[in-house]
Amino acid sequence: MKKIIAIALAGAVGFAGLCLTNFAHDNRPVLKVANWAEYIDGGDEDSELIREFESWYEQQTGKKIRVEYCIADDNEILYNMIKMGDNFDLICPSEYMIMKLAAEGRLQKLPASFYDTGVETNYYAKHVSPFILDTFSSNYVNGEAWKEYAAGYMWGTTGFVYNPDHVSEQDVQTWSIFNNPKYNKKITAKNNIRDTYFVGLAIYHDAALRALKSDYESGKITKAVYQTQLSALMNDTSHETMSGVKEVLQNMTSNLYGFETDEGKNDTIAGKITVNYQWSGDGVYIMDTAEYGEEEEEPENSVLLNYAIPETVSNLWFDGWVLTKDCRNVDAATMFINFLSMPENAVRNMNYIGYTSCIGSETVFNDFVLDYYSAEEDEEGVAKYDLNYFFNPDYVTGDASTASEEYVFYTYEEQLKRQLFAQYPQEEVLTRCVAMQYFDADANSRANSMWSDVTFF
Amino acid sequence: MTKAKFHFSRKLLAIPYALFLALFVIAPLLIIVYYAFTNGDTGSFTFDNFRNFFSGTGGDTFWESSRFKTIVQSLGISVLSTVVCLLIAYPIAYIIAFKVKNKMGLLILFIVPMWVNFVLRINALKELLEWIGIYNKSNGWNIFNTVLGMVYDFLPFMVLPIYTTISKIDKSYLEAARDLGAAGSTAFLKVTLPLSKAGIMSGVSMVFLPSMTNDVISNYRTFNHTKIIGAFIDECFKNDLWNLGSVTALLLLTLMFLITWLTGGFSAEPENGSRGTSLW
């Protein structure tokens, strides 16, 4: 009965979900994949990459496959689609939704063979960045590491896209910029509970975060302890904290230009918004467009925008591939992940999407990072940039002898505040970035109430 | 041998509409009722969702909560938008119906904007307001801008039904009134206005109901600074609180029903039997 109602509701409400196939009516078995819009090379409709996967799969296994590629607008809509009975095989939610789905038993684990680096076609296991693998091994859901369920696809941070002509660099280092009257009606927050709750927490816990940071920097606590405590602070949903956060957010709303999701991009490029709280990947898009214009042609008034991550804490997020409970073809699903994890395909995806891939192989470093960002040592205004943590599998944090010169390169100094920084922040910056857990039912309901109080003013 | 005869009657033409009604009006309504009265985990019957809704948002009572204030603000914006629409639309409809030769030309002026995508239109309006300098200035201006957006968007829905009813009024009634000594204003108040009541009611319900819930306008118009109840319902469904969202929708529906009933919206059939019946 519930299912019938759910299906009827899906029809009636028409949740924004769209599936694209190549309309070849044949009896090839289907692999049904859900992903975000514009989140694969070539866009969605006729992504060459998907067709290439179909032939690659046939070549590898001798079996045919047809990919049905569906678009979900956001995590909540994807969740509703699954709840209402959409039978996806492979989906790509964000980390908190992966945790929620796993906790509700809606996912199945990746097969053990997925991480066997001895297998030629296990491109994910062979090429995933050590940083990503480490994060996916040290974060848990249901007492099991993320990597049991998820293979990372894209990742990033949140921070401020700002115009350095109008905004001081000290100000964007602090979360209190949201209350700074200097940026009255020039600063935006995100129009969703989770991202904005994070902002509220960072302001509410400011003193504690600073104390923690100085403890870590003076060597009183280890990195592991620091990150555990940071995570605890930034995932605090107790009654007391939530009402504190509510007050913080209520105080800052009158200073905001508004809450936005995608609408803020254009206004940031046009200069109406000078500080835009943004996901790093969209930040790269905004910086690129402000600098080069829509068609890769220098616009009349090219603007150089910067990206900054506040000094106390910020959000680290991931989108990852997971197998649903009802996945009918685990083989094809894992091969799809591996196909996207081929370094050359990862580069193609990054070029198209603008977000940062979880794949950290030499090819990605040479064909993407160096291609876009490297400079000659003897040029003026260049600086060294170290990406050992992301690309060097032998690297151990804090042990300089394990670092390889190969992954240290020269880049233009401005890139330390711009696209390179947004795509690949330095290791010490990521130390202070934490992933957000999902809200349990009680916290979710309280957060919703809090949000309606905050957004009514 | 008798031949089965197929009698085509006009009633059969109602079948497609009845099907449409059942599928897209009745069924969703039933689903909303289902979710309003069941609990999320087990699907068993409960009044908890209503208790939840009326328990306020943060330890305070419902009447002090932002949820109640949001409803009041939505109602206010709705009433204001409807009144402004009516004040603008009635004279226009009257003039087009009675005073103008090229009726089609003028009507088209009001219909053409509807051919342009409405998100595009409200974005354009946003740019205009920004240029004037009243965009996102203060809460007062935000509410003003929201009302402006609603009026801008829903005006044709008010003009058209009023125009249709007015243009169908038998002119001989007016002539009779004038013959019997009524002044122009009296004739208008005693004849034209009552006879166009059906059009007004149609127009009012066409504007009042959507402007209560069309959160797209308030979102774009004010960058989510002005919250209406439609946005609240949207958030509930997005954040996996279907039961609370359904309760809110159901209560809103009841409120609308009451308002329509109290203002006589269901008895829109005019007493005098003119052809100016409700349009929508």
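Reader: Is A:Glu54 buried or exposed?

Author: This is a predicted model, so every value here is computed from predicted coordinates. Buried means under 20% relative accessible area. A:Glu54 has a relative accessible area of 6%, so A:Glu54 is buried.

Reader: Which residue forms a salt bridge with A:Glu54?

Author: Start with the general idea. Side chains of opposite charge can pair when their charged atoms come close. Here the partner is A:Arg51. The closest N and O atoms of the pair are 3.1 Å apart. A:Arg51 counts as partly exposed, at 24% relative accessibility.

Reader: Where do A:Glu54 and A:Arg51 sit along the chain?

Author: Both belong to helix H2 (residues 48-61) of chain A. They are three residues apart, so about one helical turn separates them.

Reader: Which residue of helix H8 forms a salt bridge with A:Asp206?

Author: A:Arg210 does, with the closest N and O atoms 3.1 Å apart. Helix H8 covers residues 206-217 of chain A, and the two residues lie four apart, about one turn of the helix. A:Asp206 is partly exposed at 24%. A:Arg210 is partly exposed too, at 34% relative accessibility.

Reader: Which residues are joined into one network by salt bridges that share partners?

Author: The network holds A:Lys83, A:Lys100, A:Glu104, A:Arg106 and B:Asp240. One of its links runs from A:Lys100 to A:Glu104, where the closest N and O atoms are 3.8 Å apart. A:Lys100 counts as buried, at 12% relative accessibility. A:Glu104 counts as partly exposed, at 36%.

Reader: How many salt bridges does a search of the whole structure find?

Author: It finds 32 over all chains. Six salt bridges cross the interface of chain A and chain B. One of these joins B:Lys126 to A:Asp267, with the closest N and O atoms 2.6 Å apart.

Reader: Now the interface. How much area do chain A and chain B bury between them?

Author: The general idea comes first. The size of an interface is often given as the accessible area lost when the parts come together. Here chain A and chain B bury about 3300 Å² between them. Carbon and sulfur atoms account for 54% of that area. You can also count residues: 36 of chain A are in contact with 35 of chain B. Polar contacts add another view, with 16 residue pairs found across the interface, both residues at pLDDT 80 or more.

Reader: Which element supplies the largest share of the side of chain A that touches chain B?

Author: H19(A) does, with eight residues. By class, that side of chain A has 13 nonpolar, 11 polar and 12 charged residues.

Reader: How many residues of strand E11 are buried?

Author: Look at each residue of the strand in turn. In chain A, strand E11 spans residues 275-279, and five of the five are buried, so the strand is largely enclosed by the rest of the structure. Both faces are covered. A:Val275, A:Tyr277 and A:Trp279 lie on one side, with A:Asn276 and A:Gln278 on the other.

Reader: Which strands pair with E11(A)?

Author: Strand E8 (residues 150-162) pairs with E11(A) in the antiparallel sense, over five bridges. There A:Phe160 stands opposite A:Tyr277. Strand E9 (residues 187-190) runs parallel to E11(A), and two bridges join them. A:Thr188 has A:Asn276 as its bridge partner.

Reader: What is the secondary structure of chain B?

Author: Chain B has 12 helices and zero strands. Of its 280 residues, 42% count as buried.

Notes. Residues numbered from 1 in each chain as written. Chains lettered and ligands numbered in written order. Predicted model: local features only at pLDDT ≥ 70, side-chain atom pairs only at ≥ 80, totals over all residues. Heavy atoms only, no water. Contact = heavy atoms within 4.5 Å. Buried area = accessible area lost by both parts, 1.4 Å probe. Salt bridge = Lys/Arg side-chain N within 4 Å of Asp/Glu carboxyl O. Polar contact = N/O pair within 3.5 Å; in protein donor to acceptor, adjacent residues only side chain to side chain. Nonpolar A, V, L, I, M, F, W, Y, C, P; charged D, E, K, R; others polar. Buried < 20%, exposed > 50% of the residue type's maximum accessible area, 1.4 Å probe, protein only. Pairing = 2+ DSSP bridges.
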